[in-house]
Amino acid sequence: MNTGISINRGEDEYYMRMALSLAMRGTGAVSPNPRVGCVIVDGGRPGGEIVAWGYHRAYGAPHAEADALRRAGGQAPGCTVYVNLEPCCHEGKTPPCCNALIEAGVGRVVMGMEDPNPLVSGGGAKRLSEAGIEVTGGILADECRRINRGFIRNITAGRPWITVKAAVSCDGDMALLNGESRWISGEESRRRVHMARAENDAVLVGIGTVLSDDPALTVRDTDGRSPLQVVVDNRLDTPPDSRILAEGRCLIFAGRSAGEERERALLERGAAVIRQEKDGSRIELDGVVRELGLRGVNYLMVEGGPRIISSFINERLVDEFSLFKAPKIMGRGMSMAGDVTLASMKETISMKRLKVNAIKEDIWIEGVASCSPDL
């Protein structure tokens with residue numbers, strides 16, 4: 001298999017970008033599967049005509065290759081297929097994509113990256129090659145890894161890609177000392193938060209945020225599905241009339257000693273309760289995120305207050321930051337990372353792949369945390 005060198009590299013990248021754009025259409029709907037797009041080009045010749053395209057629309061729906069082949073009808077023989085992730089070679093909810101490509105008689109498959117799933121992991125490319133199909137890999141590999149960072153993290157580490165979201169003042173506060181925090185950021189920033197929720201599989205807060213703000217954590221003012229709502233609540237103090245329980249999709253992590261009566265009241269409201277195995281004064285976040293990974297959550301956004309955010313930072317369970325910084329000075333308040341204590345500058349967490357944008361009156365800062373394991 002040719003894993004990176006292509007005589008038509010520029011052309012391959014052009015069509016791979018199309019596949020990546022198509023893959024993004026599955027955002028918020030395909031987990032625990034990856035986002036995948038597919039473009040079928042006549043013969044792969046310079047200026048070749050696009051015969052068909054497709055993408056993975058939802059978990060359980062046909063994969064991108066199958067969607068594109070359906071659109072192609074009988075025009076696929078001899079064509080080049082561009083797909084951002086190695087075609088699968090195992091039987092899951094849908095038949096193996098490798099078999100479909102072989103049966104369709106395609107001449108070449110260009111893939112962005114190898115599938116890290118042990119059930120595939122090079123097996124798809126090998127099967128295609130053995131069938132006489134030319135395979136080229138490694139096209140826009142970094143971009144391909146980026147759009148499936150949650151899938152990769154879950155497959156390789158058993159947990160979701162974790163983004164910490166916060167609205168902060170110029171001096172780094174999330175709230176005044178009395179707990180007041182509405183509204184630090186502007187209206188457009190808040191709309192962007194709803195868009196971000198739609199892109200994540202779950203949103204997590206601590207019990208402090210539930211008691212102080214009574215959030216719904218749903219998607220409003222934009223298209224998209226509301227994520228799973230997750231609460232870290234050691235003693236099951238979540239009130240049964242909380243807005244977070246309204247949609248019946250709330251998962252609460254509690255301690256062993258939390259009262260059974262409280263649990264029954266929450267179960268009656270449609271919540272699911274998971275108790276940690278060890279008795280203690282705090283929930284182990286590593287266990288929380290691993291349980292979410294097992295439940296098919298590839299992308300988790302932490303929207304809680306300073307205490308829960310500090311806990312994620314202290315445990316180095318942060319992959320990305322999404323900070324909306326408002327041009328306000330709040331003085332003595334509640335810092336986003338107020339419970340984080342570092343012994344030296346070497347322990348600080350920096351941000352890589354930094355993106356800074358003006359969102360009307362606010363500044364939106366996004367970056368991958370330096371403590372995030374490489375993909």
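**Two sheets and the helices that pack on them**

Helix α10, which spans residues 285-294, lies across six strands, namely β6 (161-168), β8 (202-206), β9, β10, β11 and β12 (299-302), and runs at about 150° to β10. That arrangement, like everything described here, is read from a predicted model, and it offers a convenient way into the first of two sheets.

The strands beneath helix α10 belong to an open sheet of nine strands, whose order is β11-β10-β9-β8-β12-β6-β13-β16-β15 and whose pairing is mixed. Strands β11 (272-275) and β15 (351-359) each have a single partner strand and stand at the edges, so one side of each is left without a neighbour in the sheet. On average, and with direction ignored, neighbouring strands of this sheet are turned by 20° against each other. A second helix, α9 (residues 260-268), also packs on the sheet, where it touches β10 and β11 and its direction makes about 145° with that of β11.

Strands of a sheet pair through backbone hydrogen bonds, and they may do so in either the parallel or the antiparallel sense. One parallel pair in the nine-stranded sheet is formed by β9 (residues 228-232) and β10 (residues 250-254), which are joined by four bridges. Within this pair, Gln 229 is placed opposite Cys 250 of β10.

The other sheet to follow is an open one of five strands, again with mixed pairing, in the order β2-β1-β3-β4-β5. Its edges are formed by β2 (50-55) and β5 (134-136), each of which pairs on one side only, and the twist from one strand to the next averages 15°. Here an antiparallel pair can be picked out, since strand β1 (residues 37-41) meets strand β3 (residues 80-83) over four bridges in that sense, with Val 39 standing opposite Tyr 82 of β3. Helix α2 (residues 64-72) lies across β1, β2 and β3, and it runs at about 145° to β2.

Strand β1 also holds Val 41, a residue worth following outward from the sheet. Is Val 41 buried or exposed? With a relative accessibility of 0%, Val 41 falls under the 20% limit and therefore counts as buried. Once its neighbours within four places in sequence are left aside, Val 41 is in contact with Tyr 15, Gly 48, Glu 49, Ile 50, Val 51, Cys 79, Thr 80 and Tyr 82. Ala 52 lies eleven residues from Val 41 along the chain, and the C-alpha atoms of these two residues are separated by 7.3 Å.

Some details of the backbone deserve a careful look, because most residues other than glycine have a negative phi and most peptide bonds are trans. Ser 31 and Pro 32 are joined by a cis peptide bond, with omega at about 10°, and Pro 32 is located in the loop between α1 (9-23) and β1. Leu 140, though not a glycine, has a positive phi near 55°; this leucine is placed in the loop between β5 and α5 (141-147), and at 7% relative accessibility Leu 140 counts as buried. Leu 217 likewise has a positive phi, of about 60°, without being a glycine. The loop that holds Leu 217 runs between α8 (207-213) and β9, and this residue is also buried, at 2% relative accessibility.

The cysteines raise a separate point. A disulfide is a covalent bond between the sulfur atoms of two cysteines, and a search of the whole structure finds zero of them. For Cys 98, the nearest cysteine sulfur is that of Cys 89, at 5.5 Å, whereas a disulfide requires the two sulfur atoms to be within 2.5 Å. Cys 98 is buried, with a relative accessible area of 0%, while Cys 170 counts as partly exposed at 41% relative accessibility.

Stepping back to the chain as a whole, its secondary structure comes to eleven helices and 16 strands. Of the contacts between residues at least 6 apart in sequence, 71% join residues that are at least 24 apart. Buried residues account for 51% of the 375 residues, and the accessible surface comes to about 17400 Å², of which 49% belongs to carbon and sulfur atoms. Taken along the principal axes, the C-alpha atoms fill a box of roughly 70 × 45 × 40 Å. The radius of gyration is 23 Å, which agrees with the value near 21 Å that a compact globule of 375 residues would have.

Key: Residues are numbered from 1 along each chain as its sequence is written. This is a predicted model: local features need pLDDT of at least 70, side-chain atom pairs count only at pLDDT 80 or more; totals for chains, interfaces and linings use all residues. Side-chain values use heavy atoms; hydrogens and water are left out. Two strands pair if DSSP finds at least two bridges between them. Helices (H or I, at least four residues) and strands (E, at least two) are DSSP runs, numbered from the N terminus. Axes are lines fitted to C-alpha atoms, for helices over the stretch in contact, and angles run from 0 to 180 degrees between N-to-C directions. Contact means heavy atoms within 4.5 Å. Buried means under 20% relative accessible area, exposed over 50%, partly exposed in between (1.4 Å probe, protein chains only). The radius of gyration is taken over C-alpha atoms; the globule rule is 2.2 Å times the number of residues to the power 0.38. Accessible areas come from the Shrake-Rupley method with a 1.4 Å probe; for residues, only the protein chains shown count as cover.
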